[in-house]
Amino acid sequence: MKANSNLYLYYGPMFSGKSKKLIEVYNSLKEKKIIFKPKIDTRGKNFVISRDGGKVEAIPLKNIKEVYKYLENIDIEDIFFDEMFMLEGDINIVIDDLLLKNYRLHIASLEKNYLGNDFLEIKKLIKKSPEYNRHHLFARCHICNMPSAWTVRLINNHLDNDKSPEIIVDDQEDQIIYESRCDEHRFTEKILNQEVKIYEDSEIFYK
Ligand SMILES: Nc1ncnc2c1ncn2[C@@H]1O[C@H](COP(=O)(O)OP(=O)(O)O)[C@@H](O)[C@H]1O
Ligand SMILES: Cc1cn([C@H]2C[C@H](O)[C@@H](COP(=O)(O)O)O2)c(=O)[nH]c1=O
């Protein structure tokens with residue numbers, strides 16, 4: 001498979017700065033751009049938001065196929081997608097088609113779920129982007145502050161390893177929270193009364 005240099009990816013665990021990067025690139029372009037987010041992602045309503053405070057208004061989609069109606073009769077060069085893994089439909093078929101039509105695509109997504117399993121459509125996508133367009137981002141482990149590549153889901157402060165629904169949006173339900181974890185702590189239960197760390201930047205990313 002030949003990599004397509006019009007495909008840019010920002011992927012990694014939660015808190016790693018994927019939305020932050022997407023917003024930065026979106027804001028760096030003046031025109032002919034459009035940005036989408038999944039309708040199911042109720043966090044931030046109709047905005048793509050980053051925990052560093054950045055936000056930009058986006059069009060909500062349920063199924064990736066809906067993208068076509070927003071591209072009719074409008075001169076667009078750059079298409080942005082946040083939280084790609086949450087979109088319904090044949091992600092790779094639509095992305096291949098958009099690339100054939102010569103759009104530049106900028107995609108932010110988790111690559112692994114809360115159990116550490118790959119989102120298969122995203123894994124396929126990553127392989128299609130050339131190495132120099134692939135930004136594998138890392139967060140800081142919520143336990144030890146070291147670079148972290150995993151995300152865990154905690155329900156009532158216990159690790160969720162019960163195969164509960166793959167998608168549960170992080171929209172402030174108190175009993176469900178997500179944390180980023182390093183290799184050493186990915187199976188460690190939540191440490192209660194831990195001193196709260198302030199994370200100012202997630203600029204840890206490797207190609
Ligand atoms: N555990 C953490 N590791 C790294 N950054 C964090 C963490 N917790 C909060 N942050 C903050 O979140 C920002 C990235 O947030 P965001 O763009 O929403 O990431 P993502 O879209 O990958 O979840 C960082 O720049 C930093 O300010
Ligand atoms: C790991 C994991 C996460 N989610 C949800 C939780 C959040 O709403 C988003 C990820 O947001 P972010 O911009 O990367 O911080 O996805 C999920 O539904 N299932 C999972 O396994």
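Author: A polar contact is a pair of N or O atoms within 3.5 Å. Keep that cut-off in mind for this predicted model.

Reader: What makes Y114 and ligand 2 a polar contact?

Author: Set the value against the cut-off. A backbone N or O atom of Y114 lies 2.8 Å from an oxygen atom of ligand 2. The limit is 3.5 Å, so the pair counts.

Reader: Which side chains have an N or O atom paired with ligand 2?

Author: R51 is one of them: an N or O atom in its side chain is 3.0 Å from a ligand oxygen. R153 is another, with a side-chain N or O atom 3.5 Å from a nitrogen atom of ligand 2.

Reader: How much of ligand 2 does the protein bury?

Author: Taken alone, ligand 2 exposes 490 Å², and the protein buries 99% of that. There are 19 residues around ligand 2. The closest are K18, E83, Y114, E166 and D170.

Reader: Why is the pair D170 and R43 called a salt bridge?

Author: Their closest N and O atoms are 3.7 Å apart. A salt bridge needs a Lys or Arg side-chain nitrogen within 4 Å of an Asp or Glu carboxyl oxygen, so this pair passes. Between domain 1 and domain 2 the count is two salt bridges.

Reader: Where do the two domains run?

Author: The assignment gives domain 1 as 7–137 and domain 2 as 140–197. The contact takes 17 residues from domain 1 and 21 residues from domain 2.

Reader: What area is buried between them, and which residues of domain 1 supply the most?

Author: About 1600 Å² is buried between domain 1 and domain 2. Carbon and sulfur atoms give 63% of it. On the side of domain 1, M14, F15 and Y114 supply 41% of the area buried against domain 2, more than any other three residues.

Reader: How many residue pairs are in polar contact across that interface?

Author: Four, with both residues at pLDDT 80 or more. The touching side of domain 1 has 10 nonpolar, three polar and four charged residues.

Note on methods. Residues are numbered from 1 along each chain as its sequence is written. Chains are lettered from A and ligands numbered from 1 in the order in which they are written. This is a predicted model: local features need pLDDT of at least 70, side-chain atom pairs count only at pLDDT 80 or more; totals for chains, interfaces and linings use all residues. Side-chain values use heavy atoms; hydrogens and water are left out. Domain bounds come from an automatic or database domain assignment. Contact means heavy atoms within 4.5 Å. Buried area is the accessible area (1.4 Å probe) that two parts lose on being put together, summed over both. A polar contact is a pair of N or O atoms within 3.5 Å; within protein, one must be able to donate a hydrogen and the other to accept it, and residues adjacent in sequence count only if both atoms are side-chain atoms. Ala, Val, Leu, Ile, Met, Phe, Trp, Tyr, Cys and Pro count as nonpolar, Asp, Glu, Lys and Arg as charged, and the others, Gly among them, as polar. A residue is near a molecule or strand if one of its heavy atoms lies within 4 Å of it. Accessible areas come from the Shrake-Rupley method with a 1.4 Å probe; for residues, only the protein chains shown count as cover.
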